[in-house]
Amino acid sequence: MNGIMRKTLNSAQSVIVVISFVSLLSCSSGNEGGNGIITSNDFAIYKIDITNFAFSPQTLSIEVGDKVVWTNTATDIHRVVWDNGTFSSSDNLDIFQTYEVFMTTSGTFSYFCGIHSSMTGSITVNPAS
Ligand SMILES: [Cu+2]
């Protein structure tokens, strides 16, 4: 089971950090810093770029409680809109603006760009192992 989880994480190139040791290095509480850098100790952050009229990666498999951050790296405005209302959709994202969600519910959640409906993506949130 552990092996499966590791493989999943390793295969996701968008994983920025899987932090399991930061709490040892930092005594501060698990709040976010002002710039979005995490200081908590038990979740991963996944990054999705919005570029070339696509979400990259388009699909993601994560674990409950992980955080996903979308960054508009294009010059067009985009907006992340969920197909259902489990999570709040983003505002319009201008260049370099980000939108982040703690995925606290397991399931598969699809979304699209509220401005360019051909842009789609989905995130599978697996139960905690
Ligand atoms: Cu768009």
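Are His 78 and Cys 113 buried or exposed? Both residues are buried. The views below are taken from a predicted model.

**View 1. The copper ion and its protein donors.** The copper ion has four protein donors: ND1 of His 78, SG of Cys 113, ND1 of His 116 and SD of Met 119. These atoms lie 1.9 to 2.8 Å from the ion. The angles subtended by the four donor atoms run from 92 to 132 degrees, so the arrangement is tetrahedral; the limits for that class are 85 and 135 degrees. For four tetrahedral donors the ideal angle is 109.5 degrees. Along the sequence the donor residues follow the spacing H-x34-C-x2-H-x2-M. His 78 sits in the loop between strand E5 (67-72) and strand E6 (80-82), whereas Cys 113 belongs to strand E8, so this pair ties together parts that are 35 residues apart in sequence.

**View 2. The open sheet that contains strand E8.** Four strands form an open sheet in the order E4-E9-E8-E6, and their pairing is mixed. Strand E4 (59-63) and E6 are the edge strands, each pairing on one side only. From one strand to the next, the twist averages 30 degrees. E8 and strand E9 (residues 120-126) run antiparallel and are joined by six bridges. Across from Thr 120 in E9 stands Phe 112.

**View 3. Strand E5 and its two partners, E2 and E7.** E5 is largely enclosed by the rest of the structure, because six of its six residues are buried. On one side the buried residues are Lys 67, Val 69 and Thr 71. On the other side they are Val 68, Trp 70 and Asn 72, and both faces of the strand are covered. E5 pairs with E2 in the parallel sense over six bridges, and Ile 48 stands opposite Trp 70 of E5. With E7, E5 runs antiparallel, joined by five bridges. In that pairing Thr 71 stands opposite Thr 98 of E7.

**View 4. The ring pair of Phe 43 and Phe 102.** Eight aromatic pairs are found in a search of the whole structure. In the pair of Phe 43 and Phe 102 the ring centres are 5.2 Å apart and the planes stand at 80 degrees, so the pair is edge-to-face; planes over 60 degrees apart fall in that class. Phe 43 is in the loop between helix H2 (22-25) and strand E2 (44-51), and Phe 102 is in strand E7 (residues 98-102). The pair links distant parts of the chain, 59 residues apart. Phe 43 has a relative accessible area of 9% and is buried, whereas Phe 102 is partly exposed at 37%.

**View 5. The ring pair of Phe 55 and Tyr 111, and the aromatic cluster.** Phe 55 and Tyr 111 form an edge-to-face pair, with 4.8 Å from centre to centre and 75 degrees between the planes. Phe 55 comes from strand E3 (residues 54-56) and Tyr 111 from strand E8 (residues 107-113), so the pair ties together parts that are 56 residues apart in sequence. Both Phe 55 and Tyr 111 are buried. Ring pairs link these two residues with Trp 70, Trp 82, Phe 87, Tyr 99 and Phe 109 into a cluster. Trp 70, a member of this cluster, is one of the buried residues of E5.

Notes: Residues numbered from 1 in each chain as written. Predicted model: local features only at pLDDT ≥ 70, side-chain atom pairs only at ≥ 80, totals over all residues. Heavy atoms only, no water. Phe/Tyr/Trp six-rings, centres within 6.5 Å; stacked < 30°, edge-to-face > 60°. Helix = DSSP H or I, 4+ residues; strand = E, 2+ residues; numbered from the N terminus. Buried < 20%, exposed > 50% of the residue type's maximum accessible area, 1.4 Å probe, protein only. Donors = N, O, S within 2.8 Å, 3.2 Å for Na, K, Ca; no water. Tetrahedral: all angles 85-135°; square planar, octahedral: opposite > 155°, others 65-115°. Pairing = 2+ DSSP bridges. Axes fitted to C-alpha atoms, helices over the stretch in contact; angles between N-to-C directions.
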